[in-house]
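Welcome! Here is a short tour for anyone meeting this structure for the first time. Take a moment to look it over before reading on.

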There are 2 protein chains.
Amino acid sequence: MQRRYRFEDIPVFDHHTDVLVAGLGGAGACATLEARAAGAEVMVLEWSAGGGGSTMMSACEMYLGGSGGTALQRDLGFEDSTENFLNYLKTAFGPYADPARMTAYAEGAAEHFDWMEAQGVPYKRGFYPHREVVAETGDSLQYTGNEKAWPFNDASEPVPRGHLPADSGHSGGVTLMTQLLSNVAASGADVRCDARATGLIQDDSGRIRGVVARIDNRNVTIEARRGVVLCQGGFIMNEQMSAQHIPYLNSICTRHGNPNDRGDGILMGTAVGGHAINMGEAFLCVANYPPRQLTYGIFVNDKGQRFINEDVYIARLGHYAAVQQSNKVYMFIDNENFARPAYAQAAEVVAVGETVEEVERDSPLPEGSLVATVNYYNAMAAKGEDPLFHKSADWLQPFGQPPYALMLFDLEALKPPVFTLGGLDTLPSGEVLNSDREPIPGLFAAGRTAAGIPRNAQGYASGMSVGDATFFGRRAGCSAAAAADNH
Amino acid sequence: MQRRYRFEDIPVFDHHTDVLVAGLGGAGACATLEARAAGAEVMVLEWSAGGGGSTMMSACEMYLGGSGGTALQRDLGFEDSTENFLNYLKTAFGPYADPARMTAYAEGAAEHFDWMEAQGVPYKRGFYPHREVVAETGDSLQYTGNEKAWPFNDASEPVPRGHLPADSGHSGGVTLMTQLLSNVAASGADVRCDARATGLIQDDSGRIRGVVARIDNRNVTIEARRGVVLCQGGFIMNEQMSAQHIPYLNSICTRHGNPNDRGDGILMGTAVGGHAINMGEAFLCVANYPPRQLTYGIFVNDKGQRFINEDVYIARLGHYAAVQQSNKVYMFIDNENFARPAYAQAAEVVAVGETVEEVERDSPLPEGSLVATVNYYNAMAAKGEDPLFHKSADWLQPFGQPPYALMLFDLEALKPPVFTLGGLDTLPSGEVLNSDREPIPGLFAAGRTAAGIPRNAQGYASGMSVGDATFFGRRAGCSAAAAADNH
């Protein structure tokens with residue numbers, strides 16, 4: 001597919017606009033609203049029959065904090081300094097982090113929450129206190145990530161940062177995106193659905209001048225006088241790109257996203273000199289909760305060794321499960337806390353017994369390995385310690401009465417949900433950078449088309465993708481609207 | 001830096017040739033020789049003052065086998081079927097592998113050895129039987145990788161495949177490249193040193209028409225009538241690219257390669273639509289040998305858990321050390337086998353004792369963890385078993401007499417050698433592919449500018465980079481020479 005066109009070869013454009021936004025998910029909607037608010041004429045192209053993107057399919061949690069706390073955090077009695085928030089993010093991503101982007105996000109996240117409320121997205125002043133991936137009580141604030149788990153709790157004060165649309169549970173994306181799409185419709189932006197942006201138009205000086213889109217089975221040229229904002233999602237639905245960039249995960253995963261997450265924006269950006277980074281990183285999860293009582297269990301690899309504090313977020317567990325030498329990890333649990341993991345239906349009880357020895361004997365684990373691990377865990381937990389992984393006191397207790405069960409979490413059977421985290425290198429302004437980190441004039445990107453705040457599964461938390469996409473979508477829209485006009 | 005130029009904007013070229021080879025390391029020398037052999041006029045540009053590249057700095061081992069055995073393997077009594085070789089490679093790289101490339105290599109490697117001998121590179125009919133990264137006896141055949149280690153020995157019959165230039169030890173690269181460079185000089189190729197290829201010239205149809213090079217402080221244009229072959233190495237010396245693509249390793253590594261491994265070829269290729277893949281993967285090693293007696297020791301992570309069969313190749317050990325939750329791994333060893341690891345001088349003895357308990361008490365390892373691990377290992381080794389990691393019988397024995405030592409291998413202190421494995425997606429022919437896997441007419445790549453046979457550290461073995469670079473360098477040279485002439 002041709003993804004770069006030469007401006008000088010296009011005698012006349014079919015359409016003209018100030019800002020062209022490609023993709024109407026969370027990032028594209030926010031870019032559109034800000035560009036319109038700045039007075040720019042905006043045309044939006046959406047490949048599918050309607051806006052929403054992967055954001056609309058999600059619970060639409062946003063991972064926000066800092067500035068002393070968002071309005072929601074403060075109303076519910078939580079303080080969260082920018083430094084504390086930043087320390088958490090730094091611990092999450094270490095050398096993978098983009099410091100400029102992270103700082104901008106930590107400093108601006110509280111204002112972003114205000115903006116989202118001003119857009120009419122409802123948030124309920126209710127705090128859900130339990131361990132849960134997505135609260136289903138309708139409350140809007142919860143812990144969503146690794147805040148209370150080691151090593152994060154060493155580096156920053158635990159504060160709940162998951163901001164969920166009110167009364168929505170897993171349907172938060174519908175709540176948020178319905179509101180934003182309605183605002184987009186009212187904004188005067190020219191929204192075209194069933195319209196796939198396929199290529200960028202670049203002039204001989206390197207500046208982006210518009211896009212080529214596939215509309216009604218023909219190529220349509222659209223001039224963007226100020227800028228193009230690429231918001232076309234990630235590439236998990238592009239099987240070839242996934243096989244090339246995340247080969248291992250591609251071989252075991254369930255593709256998680258909307259069907260048009262085919263990497264269009266990334267490929268269009270690289271075709272004009274943009275630099276794609278972090279392309280080998282992806283979210284994956286192995287969900288040991290809900291129900292939260294399963295957190296009392298321990299995970300072992302196929303050597304019978306623990307490899308994680310089990311109170312972490314599901315993506316961190318997923319990462320550390322995936323780097324073990326086999327695709328198989330096991331949960332050991334006692335009778336009182338036994339349950340079926342709601343998000344890991346393919347987990348299978350492979351051994352049950354009245355003693356750990358009996359469970360081990362019926363399991364594929366090496367002789368003596370599980371017994372040693374459980375005995376050590378029990379002895380230490382009785383003292384309130386987990387010297388290996390520092391599981392928090394909330395979830396640390398010796399195993400209770402038998403029977404005991406061993407559940408196999410076989411990654412090949414679980415087929416964990418995966419979506420990609422790599423994308424175009426951008427400045428916090430949304431400007432797309434080349435491999436020398438120089439901006440490509442007239443080109444902006446946000447959402448999973450860009451490499452964002454979350455850079456790997458081990459540091460991921462619910463809300464980081466939607467938080468990043470909407471936050472930097474706004475910035476990209478502002479930047480494009482403020483870019484020098486070509487005319 | 002401008003990396004793409006428009007052909008139509010160049011009124012007259014400074015030079016003309018059939019095939020332009022950028023970079024005169026192992027891949028570039030082989031591309032040149034084959035293109036000349038096919039009758040093409042060849043110009044070679046080398047950024048540094050002389051040819052050699054990272055190949056010349058290496059021991060120049062080539063990882064070869066198949067076809068019943070190379071001449072060297074057969075002369076020394078070893079058989080190696082193509083299927084056996086291919087099974088080994090598949091086990092090494094799993095879903096990361098490029099099947100077409102791997103098959104071509106497995107089928108052609110024996111012929112490649114013949115070609116190298118025909119070029120005048122000396123190989124000695126001597127087999128070095130011991131565990132060693134590079135034999136220093138002058139013998140040319142050795143085991144270099146994971147052949148005899150689990151899980152490789154389950155998937156394929158162990159055969160030595162490391163082919164070293166005769167009587168060279170670690171200086172094999174000088175032996176091999178001196179010969180190839182002499183042949184290049186005699187071939188009639190027009191070699192220009194101190195000449196850095198910086199950009200590709202592409203016409204409006206997408207075809208590559210030549211390069212722009214920096215020579216004597218000015219930009220020189222060179223038309224390549226048939227093709228350009230990019231052989232400019234990897235990008236480990238480009239600190240910004242390394243920080244972006246291999247952030248974790250970049251933060252701890254010693255950059256391993258020649259100073260011009262700055263990613264020029266990859267960036268030139270992507271600037272004209274080439275697709276860079278595998279960019280997050282790199283070789284790193286944690287060297288527990290030589291001396292080989294250290295293989296009797298066991299490695300534990302900072303939880304006191306073993307994580308690898310210690311008889312693997314140093315890059316596999318490096319990978320599994322790096323994915324542990326801290327940068328610190330430890331070797332436990334007895335008095336008889338204690339030694340300083342020759343390639344890991346920063347390894348530090350952190351505890352010594354007459355008993356395992358005493359060693360553990362003086363160490364930072366959690367209470368009871370090392371004792372449990374050593375006791376379990378001893379008990380199993382006494383039965384000739386390693387149920388956890390299947391260390392081979394050659395290296396499996398209970399620990400002997402005290403004193404015992406615990407050596408810390410802190411990755412931050414060791415600063416392990418790292419070089420990059422990502423690069424342009426190419427066909428076995430060397431043709432550079434775009435993101436739809438369509439060839440870019442007139443563009444070829446080989447060596448670490450391309451994503452090659454070795455795709456990650458866990459499956460790497462000595463000889464895979466030089467083997468791949470020279471093998472596919474030849475193919476790229478043939479392909480470029482055979483490409484349709486523009487004139």
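Is the crossing of α1(A) and α7(A) left-handed or right-handed? It is left-handed. Please keep in mind that this is a predicted model. The points below start with that helix pair, then turn to the two chains and to a small sheet.

**The helix pair in chain A**
- Helix α1 (residues 26-37) and helix α7 (residues 172-186) of chain A have axes that come within 10 Å and cross at roughly 35 degrees.
- On the α1(A) side, the residues that meet α7(A) are Gly26(A), Ala29(A), Cys30(A), Thr32(A) and Leu33(A).
- Their partners in α7(A) are Met177(A), Leu180(A), Asn183(A) and Val184(A).
- Sorted by class, this contact has six nonpolar, three polar and no charged residues.

**How the two chains relate**
- A turn of 180 degrees, with a shift of 0.0 Å along the axis, lays chain B on chain A with an RMSD of 0.0 Å.
- This is the relation of a two-fold axis.
- Gly280(B) has the C-alpha nearest the axis in chain B, 2.9 Å from it.
- Both copies use the same surface, as 100% of the contact residues of chain B recur in chain A.

**A sheet in chain B**
- Three strands of chain B form an open sheet in the order β12-β19-β14, with mixed pairing.
- β12 (254-255) and β14 (282-284) of chain B are at the edges with a single partner strand each, so one side of each has no neighbour in the sheet.
- β14(B) pairs with strand β19 (residues 417-420) of chain B in the antiparallel sense, over three bridges.
- Within this pair, Ala282(B) stands opposite Thr420(B) in β19(B).

Notes:
Residues numbered from 1 in each chain as written. Chains lettered and ligands numbered in written order. Predicted model: local features only at pLDDT ≥ 70, side-chain atom pairs only at ≥ 80, totals over all residues. Heavy atoms only, no water. Axes fitted to C-alpha atoms, helices over the stretch in contact; angles between N-to-C directions. Helix = DSSP H or I, 4+ residues; strand = E, 2+ residues; numbered from the N terminus. Left-handed = near helix turned anticlockwise from the far one by under 90°. Contact = heavy atoms within 4.5 Å. Nonpolar A, V, L, I, M, F, W, Y, C, P; charged D, E, K, R; others polar. Least-squares fit on C-alpha atoms with pLDDT ≥ 70 in both. Pairing = 2+ DSSP bridges.
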